[in-house]
Structure formats: C-alpha cells, structure tokens
Amino acid sequence: MHRALGLPLLLGLTLALAQGAPQRGGTITVSYKDDVTTLDPAIGYDYQNWPMEKMVFDALLDYKPGSTALEPRLAARMPEVSRDGKTYTFTLRKGVKFHNGRVMTADDVRYTLERVLDPKTKSPGQSFYTGIQGAQAFVDGKAKSVKGIQVLGPDRVRITLEAPNAAFLNIMAMNFAFIVPREAVAAAGGDFGHKPVGTGPFKLASWVSGQQLQFTRNPNYFMAGMPSLDGVTVKVGLDPSVAFLSLQRGEVDLLGDGIPPAQFLQVTRDPKFKPNIVSKTSVNTTYLSLNTKMGPLKDVRVRQAINHAVNKTKILRIINGRGVVAQSVLPPLMPGYNKGEQGYTYDPAKAKTLLTAAGFPNGFSTTLYTNSTDPNPRIAQSIQQDLAQVGIRAQIKSLAQSSVIDAAGTPNTVPMVWSGGMAWTQDYPDPSDFYWPILSCRSAVQGGWNWPMYCDKALDARADKADRMVSSNQQAARLAEYGRIFAALNKQAVWVPVFHEVRYMMKSDRLVGDVNNLVDPTHFINYERLSVRK
Amino acid sequence: MLRFAASRTLQSLGVLLVASVLTFSLIFLLPADPARLVAGPSASVETVNSIRRELGLDRPFAVQYAGYLGGLVRGDLGRSYKQQSTVSSLIASRVGPTFQLMLGAIALELLIGIPLGIWAALRRGRWPDRIVMGFAFLGASAPQFWLGLSLVYLLAYALNLFPLGGYGGLSHLFLPALTLGLGGAGWYARVLRSSMLDVLSRDFVRTARAKGVAPRGVILRHALRNAITPVVTMIGLDIGAFMGGVVVVESVFGWPGLGRLVWDAIRVVDIPVIVGVVIFSALVITLANLLADLVQLLIDPRTRYA
C-alpha cells in the first residue's frame, strides 16, 4: 500500500467504524430525466418507478439488500409450502398499518392479487399470476373471485397454484404483489398511481406533475430503525448533463439516470470522483437476436458463424466499457449461471469455415434492425462491419424503438435485431424468467418477445419439469437443469449474447449508501437504507 | 370586422378537425402497438391482448376516431394510457408553464430584436448593421439544444447567475426563455431592419423631418409605428414555431410544460396524450394567428379594407 494513501484510508476506516449505525434524519434529492408516470405498483414497472414504489409499498416477501435471497417482509415468516408444492400458506406480520392508519389484513392480500388479475386494471404483471388456481376463470369473467386465494383468518392467507412453480415466491416479491388497501384505491377514483397508499417506509407527501415528488418518513413503519432519512425529493425533467452539474453544486444527491454518457469517461477517469461512483453488473443481457425461421439463419451453422464473427470487445469500447462481455444468454449474477461457459470466441476464420460448410461460401444478404437512439446505430454498424468480414452483407434498418419491438415480434419479418435499449433484464432472479418470456414456444408468437422465434418443445418440457421442483433440497438440481437448458440454447446460437450492462450510479459526498443499496440487483435503489452525513 | 372574425373562426375549426384526423391516422398507421408498450416486455401475449381490448385498440379506425371525436365535442380528451389521469387534467397542469415560457420568449425577442433592428437600420452598411445581421444568422441557425446547454454551463454553472434548470420564478424563466427566443430575436431584428429601411425612405418620414419633428420622434412615432406591422404578424407565427421549440427547451431545462408532456407521450406511444396536445397546440396556433390578424387591423387601419 502506498504510504501517502495508507493514512487517510486508515483514518477513513476508523471514522466509518466510529459512526456505526447510520445517522437518522436529513433529506436527499434524486434527479431523473423523464417524468414518473405512475406509482401504482400494479402498473408502474421500470427502473425509474420501481424503487419509488418500493418506498411506498411492501410485499409479503423481499430480497436481502444486494442479494437474490428471499426473506419475509409483510409476512411474519417464510410461507408453509405443501408437499406437492402447490399450496403456500402465508402468516402476516401483526399490526402492520397502511399510511391511512388501517391495519393490513389477509383480505388486502387477496384484493391486491385480484386487482392485478382484473383486466380493467390493465396490469402488465397480470400473466405472472395466472398460474394461481382459478385465476384464468377470473380473468375471463367466469368467476367473481379467484378460487386459489383463500383467506383463512385476518392474518392468514393460502394461495394454491394450478401447478408447482419454483419461481412463485419470487413472483410474490414483485412490485405487482405490493399490498394495497381497497378503500384507498376506490377513493383515488382511477388515479391510485398519483395517490398511492401503502405500508412502506415513506409516504408520498406531494407530487407536482413534471416537477417533483416528495416523500416523507412513515413514522409508524413496522421495521425498527427504518428509514434513516426524513424525506426524499425526486426531481424530474432534469437533463442528465444539467443534473450532473447540479450534483457538483450540491443541489442533487443522486443521479437517477446514472452518469451522463457525454461525461462518462471524464468522470470515471477523474480520481476526485472515485468515492462518488458505485457500479455493479446488472442481471441483464444485451444481444443480437437471430431469427431461426428466416433464410440462411435457419441453419445453426450460420448462426454459430455469426457468433464467431461478432467482435464483442469492439462493441464494449463503443459504450465506454460500461459492460462485461457475455458468454451466454444468462448473466453471471443469475442463479444457474454456468461459470465455466466459454461462449463463442471472436474468430472470423472459423466463421467463414462454418458458412462454407452451411453452403454459403460467399455469404449472403440480410437485414439488421436497431433502434435509432445513440449508441445503438453505431453498434449496429460495428456488427455490420464484422459480418462483412465474413461475407455477410447486412443492411441496417434504424427505426424508433416502438417500431422495432413491433416488427421483431412479428413472425417472418426481422432476420436480426440488435437489442440495445431493449435488452432483457430480469424481472426476478430466477432463470425461468430468462426462458419463458423470451426463448420458449409460448413467446415465439405474434407480439411475443421471443425475437429468434425459436421453439423447442423438448426444452419447454424440461423447463416446465424444472419449475415443478419446488422443495428446497431440489434447488441445486433445478438450477443445474436450467444451466443445461441454457447450454443447449447457446449451442443453438439463437442469440449472439454481447454484453451484460454495468450500472453506474453517482452520488454526492454527503449521501451514505453502498453498492448493495444503490445498485441493488432487484430494487436498484433501497431508499429505506440510505442516510446522509451531517 | 365581425364577419372577418366569424369566417376566421370557421376556418380555425376546420384546421382543428384536419389536425385531429391527421394525427389520429398517423398514429394509427404507426408500426407500433401501444398495448405492447403499455404492457412492457414481460407481459404475455394474452395480457397484451386484454390490455388492447381494455383500451379499445382492437376496434376499427373509424370507430376509434368517431369515439374520440364524440368525446372531443363534449370536451373530453380521454385518459392517458400510461398515466391514469385524464388528458385534459394533464394538459391543464402543463399549460401555465408553457405559456409563461412563451411569453418570456416573446418579451425577450421584442426587447432584443426591436432595438437591434432599429440600430441596424440607422447604421445601415456599417459595423453595427453587420453585427446585427451576423447575430440574426447565428441565432437562427444555432441548435436550441446546444444553445440551451451552453447557456446553462456559462451563465448558470460557471458564473452562478441563474439556477440550473427547474421551474420557479423569473430567475428560472430567464435562460429557457432566452434559448427559445434568441433565434426569433435575430429574425425580428432582420425583418424590422428591412421594413424600417423601407419606411425611412418614404415621403411621410421626409415630411415629418421637414416639419422639424425631433429625430427620436420621427423614428419611434412615425417610422416604427409603420414598420412594426410585419413584426406583429410574426408574433402570431412565432407561437406556432414555439410549439415545436418548447419540446427541446423544456427538456433541457426541466421546464414542466406541454413540450415535455408530449415528448414523454411520444416515447411510449401514449396516443390520447399525443393527439390531445396536438389538437390543443393547433387551437393555440390558430387563435394566435387570428389574434395577430386582428391586432394588425387595429394598428394599421389600411388593412381593414384590404
């Protein structure tokens, strides 16, 4: 250790130890470029509103900060699971109150889940809960309530599934299952998203559309000692470059959108900013999708050739190194990730050999779709050059993101899609969430998100079987099976997995929060655990 | 005059109708599924379909448009897909800031443009004239995004004279209004310069001078009053131009107006909000033009018989 560095470091450590528990009190200001659309947990579902919904609401279960391990939250303990893995009995924590003062009961759990299932709510999370017994009949309007949700008492509720699902507890920790009080939803008259009432560590105190949201501490929060902060102000509409200047001037404590791309290199290379930056690899994969139903791409050798032809390191340079090279579909932090997976090396010669073997010694012409926001067209060009090296002539179609999504989800339309800006990020930390929504037969349909349109019924059956392995002693075997499923997919080369995004957060000197609370793999920001130095 | 106003109002209604049909059909033709965007990637195809039905997007174009028009007549602009609020309440909450911004920009355009225009006209061909013409050129061609960020960096961050964006009092208003108005100020200066030059060579100015009216009086009372007419028309046109400019300026400065509202709506194909703001903007623009014509009639009586 360098001596000049050693002393301040030691001093810093001593100070940190002396401080011990986080200080209570104080407020912070967070900045975002885009408006917050809604705080209704049944609806709002992105990087930006998710952590804010988490301020106002709680679910029965939650993750240990910074990890993918579940723990009880509004539930008093982890649920009792029946032998067949279909029935989950939750006991609620006693005396938890909504912000309106009413005690939360098992009826609220039922109401919350039925509300998400009700088509009138227009919840994007609906399909996560249709595995509950009788949910489909309720969705179709054939039943007035969901048969599989039984209230056993004021603090006990039993949920029965159609089939065992090992990811069900993850689903119960999602924002859609944040418990909401019926009377507050009714009182909001269709605008619960702007008048949210939950049990969470903070309450929404005010919301001036397009300007800012103010959250204040919930004095009756059931978790002892939380939150540390008295309040959080979320400013919206701040251009990232302006927000960065505001942080330097002390007007903002946390850049919600991260470091602005234009200043990224300058900031990360400046030692002065080092203590202000925290980063972590996201549970996300950005990829090039290869449509297995179109032209030469039908041949697995052609898809493998493309995997060998793409220079991923070059793409990482375009994004200023804000990612790690991907070897497989699954990201490293996802349970079931195979650390030994080598992926396809960058090897244009091998790519050419494979193309020749597939009957395309002179390559072929194809089309590559990308959204038109920087840096994605530049990355598409880089891929275009790499493909040209091996004889594949790709024409780039750069469109608005919504148009790319629409075209990519239409069968026999798009040979290749660069997923930048639309990359896949986990909904919950379970490999099934990287299989069913994007690579299974049921998502390889019009409007689905399986852009390679790949459908392997045998793999579906294996994944389905794995999802039925719910007891805790089967978990290792289940993850190993998912590991094999993804190895098979990697061999089929339906994607070129390019990189796993690394998220950078930038905070002010006074904000105390570590990597587990500022770049949490599921909640992104754990506001209840942040504090300020006085 | 009344007949004129009535026929213009009818015309304006026609414009609004056309604007609504155009935006509605453009968005309808857009290769993007709003239901998919509302639902997000994780939603299953069934969920997307149920959202599509809930939003009425599965009905034919004519039915959707007729429904929309029916609501419009009753003053109902529908509900945002993405935010649950009604479109009219969203627009109402954003109109104030946008009008403040526009008024501020117009004030700065006039405050900067008129003196510069007179100055350039009086020093025709000499260095002040060239500076003003150069300024007009630069102001008109500088991208607003770049201009806004430069002003923020220089005047707000480096010199600490103004707040770094956000909504508030006059100090918050100045930089965004300047960004929006600077291009127009140069344009006003140019137009006023040429119309002043034209007026200054007229007989009545010569007569006024010959009568012994003080030079300041000649310029302000006689020449300017006649030369300003094109500028008044331009204010009306400017409001139309501003409707586009506010999108950029409001985004740079975090100004909570209509521009930001529609920008966010376009990102997620929130059709009711997009169409609502477009129709509202069309209304403002036609009203502004109508008003400009009426004011021109008042200033310059000759146009009344034209």
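This note goes through chain B and then the cavities of a model that is predicted, not determined by experiment.

1. On secondary structure, chain B holds 13 helices and zero strands, and a reader who follows the chain from the N terminus on will accordingly meet α elements in an unbroken series, α-α-α-α-α-α-α-α-α-α-α-α-α.

2. As for overall dimensions, the C-alpha atoms of chain B fill a box of roughly 85 × 55 × 30 Å when the principal axes are used as the frame.

3. On burial and surface, chain B has 306 residues, of which 51% are buried, while the accessible surface of chain B comes to about 14600 Å², with 69% of that area belonging to carbon and sulfur atoms.

4. Turning to contacts within chain B, if one takes those between residues at least 6 apart in sequence, 73% of them join residues at least 24 apart.

5. With regard to internal space, the model contains five cavities of 30 Å³ or more, and the largest cavity has a volume of about 90 Å³.

6. The lining of the largest cavity draws on several stretches of chain A, and includes Lys280(A), Thr281(A), Ser282(A) and Val283(A), together with Val519(A), Asp520(A), Pro521(A) and Phe524(A). Tyr47(A), Thr425(A) and Arg503(A) also line the largest cavity.

7. Which classes of residue make up the lining of the largest cavity? Sorted by class, the lining has five nonpolar, three polar and three charged residues, and among the residues that may be inspected there are Phe524(A), Thr425(A) and Arg503(A).

Definitions and conventions: Residues are numbered from 1 along each chain as its sequence is written. Chains are lettered from A and ligands numbered from 1 in the order in which they are written. This is a predicted model: local features need pLDDT of at least 70, side-chain atom pairs count only at pLDDT 80 or more; totals for chains, interfaces and linings use all residues. Side-chain values use heavy atoms; hydrogens and water are left out. On a 1 Å grid over the protein atoms alone, a cavity is a set of points where a 1.4 Å probe fits but cannot get out, and a pocket is an open set with protein on both sides within 12 Å along at least five of seven lines; lining residues have an atom within 4 Å of a point. Grid points are joined across faces, edges and corners, and a volume is the space filled by probe spheres set on the points. Ala, Val, Leu, Ile, Met, Phe, Trp, Tyr, Cys and Pro count as nonpolar, Asp, Glu, Lys and Arg as charged, and the others, Gly among them, as polar. Helices (H or I, at least four residues) and strands (E, at least two) are DSSP runs, numbered from the N terminus. Buried means under 20% relative accessible area, exposed over 50%, partly exposed in between (1.4 Å probe, protein chains only). Contact means heavy atoms within 4.5 Å. Accessible areas come from the Shrake-Rupley method with a 1.4 Å probe; for residues, only the protein chains shown count as cover.
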